[in-house]
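Here are some exercises to work through with the structure open beside you. Try each task before you read its solution.

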Amino acid sequence: MAPSPQDPAAAAPRRKVSRHRGEGQWAAGHHTPLNGNEQFKKDDDGLNVRTRIETIYSKRGFDSIDPNDLRGRMRWWGLYTQRKPGIDGGKTAVLEPEELDDKYFMLRVRIDGGRLTTAQLRVIGEISQEFARGTADITDRQNIQLHWIRIEDVPEIWRRLEDVGLSTTEACGDTPRVILGSPVAGIAEDEIIDGTPAIEEIQRRVIGNKAFSNLPRKFKSAISGSPLLDVAHEINDIALVGVEHPEHGPGFDLWVGGGLSTNPKIGVRLGAWVPLEEVADVHEGVISIFRDYGYRRLRNRARLKFLVADWGPEKFRQVLEDEYLGRKLLDGPAPEQPVERWRDHVGVHRQRDGRFYVGFAPRVGRVDGATLAKIASVAEEHGSGRVRTTTEQKMIVLDVEGDRVDSLVAGLEALDLRVSPSPFRRGTMACTGIEFCKLAIVETKARGSALIDELERRLPEFDEPITINLNGCPNACARIQVADIGLKGQLVVDEDGNQVEGYQVHLGGALGLEAGFGRKVRGLKVTSKELPDYVERVLRRFEAERADGERFAAWAARADEEALS
């Protein structure tokens with residue numbers, strides 16, 4: 001029977017019933033993909049693309065690659081399409097992906113903990129020379145990246161890497177990325193605790209495991225027992241850093257929710273002390289929280305830092321303990337402020353066994369395949385066959401006898417690899433830039449190298465630690481917000497009214513227990529041509545105005561805008 005006109009059901013309009021989508025959190029029951037990335041991940045796990053690469057794409061060529069594999073799932077195996085040559089920065093945000101894509105790839109070799117043998121390093125060098133036009137970059141996440149890779153060559157490259165125990169598995173994509181580790185784990189005289197066993201156990205449990213191969217976005221991890229806090233723990237999704245518990249001895253302090261890009265956040269301490277044997281459990285718990293509760297609706301909010309910011313550390317720790325660990329974590333102390341202002345291990349340092357490790361600085365992380373092979377040979381001649389990459393785009397040779405140090409240093413210096421670099425060589429970092437990156441707006445590597453030369457010529461007596469980080473776009477792969485001088489690439493207008501490559505300037509950022517983001521002075525932008533003049537001017541003012549012992553970051557925070565312009 002139809003309702004009467006007086007029936008409320010007849011008077012009220014019928015409401016469409018729909019389920020609230022929320023932020024796409026799986027733990028809330030929201031499994032329907034809310035964007036294209038979530039859809040292609042649901043359609044097929046990214047790890048499965050390897051079979052298609054080996055059996056189809058490498059045989060039929062670039063044009064046979066499915067678009068969702070090309071710009072999506074292939075990242076699960078360390079492959080990004082690189083930028084087509086000749087496209088200027090003004091076109092970066094205008095062109096469609098297929099217009100930006102070259103028919104070559106960047107290939108990222110993951111190096112967990114920065115740990116390499118000379119045999120592995122030599123193989124990377126050989127692959128670079130044979131398949132990558134000699135390219136090789138050491139990243140600020142301890143990886144090595146190659147360019148100009150053809151899809152036809154990828155299976156052979158994988159075979160050679162895996163024959164020596166290396167991998168590109170989940171080096172990119174919405175996955176657990178490389179696990180940062182202290183490059184001097186297990187050998188440094190001042191080490192609090194060696195995190196290597198935990199890194200190895202996490203690799204065994206998590207990497208290549210389909211339980212963790214569909215995360216909301218990338219997940220960055222860092223573990224170090226060094227008192228130098230040498231893994232940039234403040235800007236990782238999860239970090240565990242060495243501390244001495246007054247009752248339980250050495251272990252790790254737990255941090256979560258750090259990250260940079262366009263919405264930077266410093267990680268927060270959960271106040272929990274984690275013994276070495278429980279690190280892998282805690283890591284698995286945190287990555288599981290990200291998988292289950294992470295925001296999947298919007299890509300720009302799909303990092304753990306946003307969940308941590310919304311929940312707060314107390315709720316995050318409670319969920320970790322109650323839902324994932326099934327036990328309470330012990331409270332513990334915070335790490336102490338590092339004594340050293342450099343955290344890159346450059347120079348000659350005594351190991352706990354009486355031998356030495358020797359850290360050296362390439363130019364802005366850029367090397368080449370031939371140089372990598374030569375480093376392997378020099379390291380074999382002088383050490384035990386162990387080398388390391390650092391989170392500052394540097395490298396280290398381990399296990400050098402005292403009477404072999406001078407010879408090793410001479411061999412490295414002959415390759416333009418400085419063991420006693422200027423502050424500018426030591427402290428300048430650059431991302432890939434417009435040469436290869438489809439997101440970039442400006443050039444970075446060559447410009448950073450040229451800037452080093454100019455500053456060494458103009459300021460030969462400058463001897464303060466200084467970090468100068470150049471980034472080709474706003475995404476902060478080179479950590480611009482936490483550098484003394486951070487340079488974010490963008491197009492600017494020069495004095496003649498022309499649009500040219502340049503940088504927005506961030507001043508006074510820092511990592512360490514006094515971590516913070518750089519100050520932006522209103523309207524402060526410099527063209528690439530003006531960059532050496534600008535940096536020289538600011539550093540001279542710093543030298544003239546600083547108080548005794550004052551760091552650049554502290555001076556930049558208090559200086560007036562005129563001094564910074």
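**Exercise 1.** In this predicted model, find out which residues of helix α7 are buried and how they sit around the helix axis.

*Solution.* Step 1: go along α7, which covers residues 154-163, and look for residues with under 20% relative accessible area. You should end up with Val154, Ile157, Trp158 and Leu161.
Step 2: now look down the axis of α7. The buried residues fall within an arc of 100 degrees, so they line one face of the helix.
Step 3: check what covers them. The cover includes the helices α3 (49-60) and α6 (118-131), along with the strands β1 (79-83), β2 (101-109) and β5 (144-149).
Step 4: step past the end of α7. Glycine 165 follows the helix, and its phi is positive, near 85 degrees.

**Exercise 2.** Do the job again for helix α2: which residues are buried, which are exposed, and what do the buried ones pack against?

*Solution.* Step 1: within residues 36-43, the buried ones are Glu38, Phe40 and Lys41.
Step 2: these residues cover an arc of only 165 degrees around the axis, which puts them on the same side of α2.
Step 3: turn to the other side of α2, where Gly36 and Lys42 are exposed.
Step 4: go back to the buried residues of α2, and you'll see them packing against α4 (67-70).

**Exercise 3.** Look up the phi angles of alanine 232 and aspartate 416, then decide how buried or exposed each residue is.

*Solution.* Step 1: recall the usual pattern. Most residues other than glycine have a negative phi.
Step 2: read off the angles. Alanine 232 has a positive phi near 50 degrees, and aspartate 416 has a positive phi of about 60 degrees. Neither residue is a glycine.
Step 3: place them. Alanine 232 is in the loop between β7 (219-224) and β8 (238-245). Aspartate 416 is in the loop between α13 (405-413) and α14 (423-427).
Step 4: compare the areas with the cut-offs. Alanine 232 has a relative accessible area of 2%, so it counts as buried. Aspartate 416 comes out at 29%, so it is partly exposed.

**Exercise 4.** Describe the largest cavity: what is its volume, and which residues line it?

*Solution.* Step 1: count first. The structure holds one cavity of 30 Å³ or more.
Step 2: the largest cavity has a volume of about 40 Å³.
Step 3: list its lining, which is Gly113, Arg115, Gly181, Ser182, Ala185, Asp194, Gly195, Thr196 and Ile199.
Step 4: sort these by class, and you get two nonpolar, five polar and two charged residues.

**Exercise 5.** Now take the second largest pocket: which element gives the most to its lining?

*Solution.* Step 1: this pocket has a volume of about 680 Å³.
Step 2: its lining has 34 residues, and Arg341, Thr467, Asp484, Ala510 and Leu511 lie nearest the centre.
Step 3: pick out the elements that supply at least two lining residues each: α14, β17 (428-430) and α17 (552-558). α17 gives the most, with three residues.
Step 4: by class, the lining has 14 nonpolar, nine polar and eleven charged residues.

**Exercise 6.** How confident is the predictor, and where is the pLDDT below 50?

*Solution.* Step 1: the chain averages a pLDDT of 94, and 96% of the residues score at least 70.
Step 2: go to residues 1-20, where the pLDDT is below 50. Beyond near neighbours in sequence, this stretch has six contacts in the model.

Notes: Residues numbered from 1 in each chain as written. Predicted model: local features only at pLDDT ≥ 70, side-chain atom pairs only at ≥ 80, totals over all residues. Heavy atoms only, no water. 1 Å grid on protein atoms, 1.4 Å probe; cavity = no way out; pocket = protein on both sides within 12 Å on 5 of 7 lines; lining within 4 Å. Points joined across faces, edges and corners; volume = space filled by probe spheres on them. Nonpolar A, V, L, I, M, F, W, Y, C, P; charged D, E, K, R; others polar. Helix = DSSP H or I, 4+ residues; strand = E, 2+ residues; numbered from the N terminus. Buried < 20%, exposed > 50% of the residue type's maximum accessible area, 1.4 Å probe, protein only. pLDDT = per-residue confidence, 0-100. Contact = heavy atoms within 4.5 Å. Arc of directions from axis to C-beta.
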